[in-house]
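Open the model in your viewer and keep the selection tool at hand. The tour below says what to pick at each stop and what is found there.

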Amino acid sequence: MKPVILQDKATVAHLFSIIRERETAYPEFSARIAALGTMVIAEALEHAPFKEFTIHTPLEPTGVRRIIESDIVGIPILRAGLGMVKPFQRLLPNASVYHIGLRRDEETLEPDYYYDSLPDDFQGRTIFLLDPMLATGGSAVAAARLVAKRNPAKMVFCGIIGAPEGVRRLESAFPDMPVYLGALDDHLDNTGYIRPGLGDAGDRMFGT
Ligand code: PRP
Ligand code: URA
């Protein structure tokens with residue numbers, strides 16, 4: 001499935017001009033990642049389950065479409081994915097949040113698993129995987145494999161920046177998974193960083 005990329009929107013371009021800049025300090029970096037996260041997740045909610053029914057305004061009945069928040073789960077990939085949890089919860093305060101801990105091995109660039117809080121069965125709920133960076137795609141594919149074993153109805157990936165290499169890897173492992181990104185960058189360098197990118201998202205988000 002072709003990824004949905006938001007980089008041409010004026011607000012998105014503005015936020016990228018701040019998060020990409022190396023001088024941007026971490027409180028501002030985190031705040032701007034959260035703003036971008038809100039925009040990406042809001043777009044990706046096109047895939048959320050919803051119901052249509054009639055409500056009564058103070059003046060008259062009207063038809064509405066409402067997302068079934070309790071059928072939705074957000075899963076940040078630690079650490080950097082934590083920066084997308086607040087925006088997710090602001091949009092969907094009744095959705096559950098579980099966590100997956102993965103850390104890239106600096107030599108092989110493959111993800112090392114260290115934690116998850118996943119239930120045994122998602123009982124057909126729709127899963128939003130949250131991770132700002134889709135670089136080689138190894139972390140996203142590993143996280144999606146953990147979730148796929150647990151009976152989700154659907155998985156959707158939400159990220160801030162992707163590299164073409166990561167998009168291809170995720171698409172080839174999960175061809176039906178919608179992918180939403182703030183920007184699609186040029187390439188991965190030989191140390192696994194996205195170029196032009198923003199550097200190490202986790203370090204910049206937490207000031208480490
Ligand atoms: C970063 C990022 C992604 C991963 C992407 O995490 O947050 O999870 O790299 O790279 P990939 O697509 O090549 O797998 P990292 O492993 O550096 O951990 P951190 O978030 O704790 O810094
Ligand atoms: N992880 C990051 O934080 N940044 C990159 O550019 C690639 C992976």
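Select ligand 1 and the residues around it: there are 15, and Arg104, Asp131, Thr136, Gly137 and Ser139 come nearest. Keep in mind along the way that this is a predicted model. Sorted by class, the shell around ligand 1 consists of 5 nonpolar, 5 polar and 5 charged residues. To see which elements contribute, colour β6 (100-104), β9 (133-134) and α4 (138-148); each of them supplies at least two residues of the shell around ligand 1.

Next, show the contacts made by oxygen atoms of ligand 1. Which residue offers a side-chain N or O atom at 2.6 Å from an oxygen atom of ligand 1? Select Ser139 to find that atom. Two further stops involve the backbone. At Ala135, a backbone N or O atom lies 2.8 Å from an oxygen atom of ligand 1. At Ala80, a polar backbone atom is 3.1 Å from an oxygen atom of ligand 1. Now switch on the surface: ligand 1 exposes 500 Å² when taken alone, and the protein buries 91% of that. The space that ligand 1 takes is the largest pocket.

Move on to ligand 2. Its surroundings are Arg104, Met133, Ala135, Gly192, Tyr193, Ile194, Gly199, Asp200 and Ala201. Arg104 deserves a second click, as this residue is listed around ligand 2 and is also among those that come nearest to ligand 1. By class, the shell around ligand 2 divides into 5 nonpolar, 2 polar and 2 charged residues.

Display the backbone here, since the next three contacts are with backbone atoms. Start with Ile194, where a polar backbone atom is 2.8 Å from an oxygen atom of ligand 2. Then pick Gly199: a polar backbone atom of this residue is 2.8 Å from a nitrogen atom of ligand 2. Finish at Ala201, whose polar backbone atom is 2.8 Å from an oxygen atom of ligand 2. On its own, ligand 2 has 240 Å² of accessible area, and the protein covers 89% of this area. The space taken by ligand 2 is the largest pocket, and that was also said of the space taken by ligand 1.

Stay in this part of the sequence and select Arg195 and Pro196. Is the peptide bond from Arg195 to Pro196 cis or trans? This bond is cis, with omega near 0 degrees. Pro196 belongs to the loop between β13 (194-195) and α6 (201-206).

For another cis peptide bond, go to Leu78 and Arg79, which are joined by one with omega at about -10 degrees. Arg79 is found in the loop between β4 (72-78) and α3 (85-91).

Now look for aromatic rings: the structure holds 1 aromatic pair. Select Tyr98 and Phe122, whose ring centres are 5.7 Å apart and whose planes stand at 80 degrees, so the pair is edge-to-face. These rings link distant parts of the chain, 24 residues apart: Tyr98 sits in the loop between β5 (96-97) and β6, and Phe122 in the loop between β7 (111-116) and β8 (126-130).

The last stop is Gln123, which also lies in the loop between β7 and β8. Check the backbone angles there: phi of Gln123 is near 50 degrees, a positive value in a residue other than glycine.

How values were computed. Residues are numbered from 1 along each chain as its sequence is written. Chains are lettered from A and ligands numbered from 1 in the order in which they are written. This is a predicted model: local features need pLDDT of at least 70, side-chain atom pairs count only at pLDDT 80 or more; totals for chains, interfaces and linings use all residues. Side-chain values use heavy atoms; hydrogens and water are left out. A residue is near a molecule or strand if one of its heavy atoms lies within 4 Å of it. A polar contact is a pair of N or O atoms within 3.5 Å; within protein, one must be able to donate a hydrogen and the other to accept it, and residues adjacent in sequence count only if both atoms are side-chain atoms. Accessible areas come from the Shrake-Rupley method with a 1.4 Å probe; for residues, only the protein chains shown count as cover. On a 1 Å grid over the protein atoms alone, a cavity is a set of points where a 1.4 Å probe fits but cannot get out, and a pocket is an open set with protein on both sides within 12 Å along at least five of seven lines; lining residues have an atom within 4 Å of a point. A molecule sits in a cavity or pocket if more than half of its atoms lie within 2 Å of its grid points. Ala, Val, Leu, Ile, Met, Phe, Trp, Tyr, Cys and Pro count as nonpolar, Asp, Glu, Lys and Arg as charged, and the others, Gly among them, as polar. Helices (H or I, at least four residues) and strands (E, at least two) are DSSP runs, numbered from the N terminus. Rings of Phe, Tyr and Trp (its six-membered ring) pair if their centres lie within 6.5 Å; planes under 30 degrees apart count as stacked, over 60 as edge-to-face and the rest as tilted.
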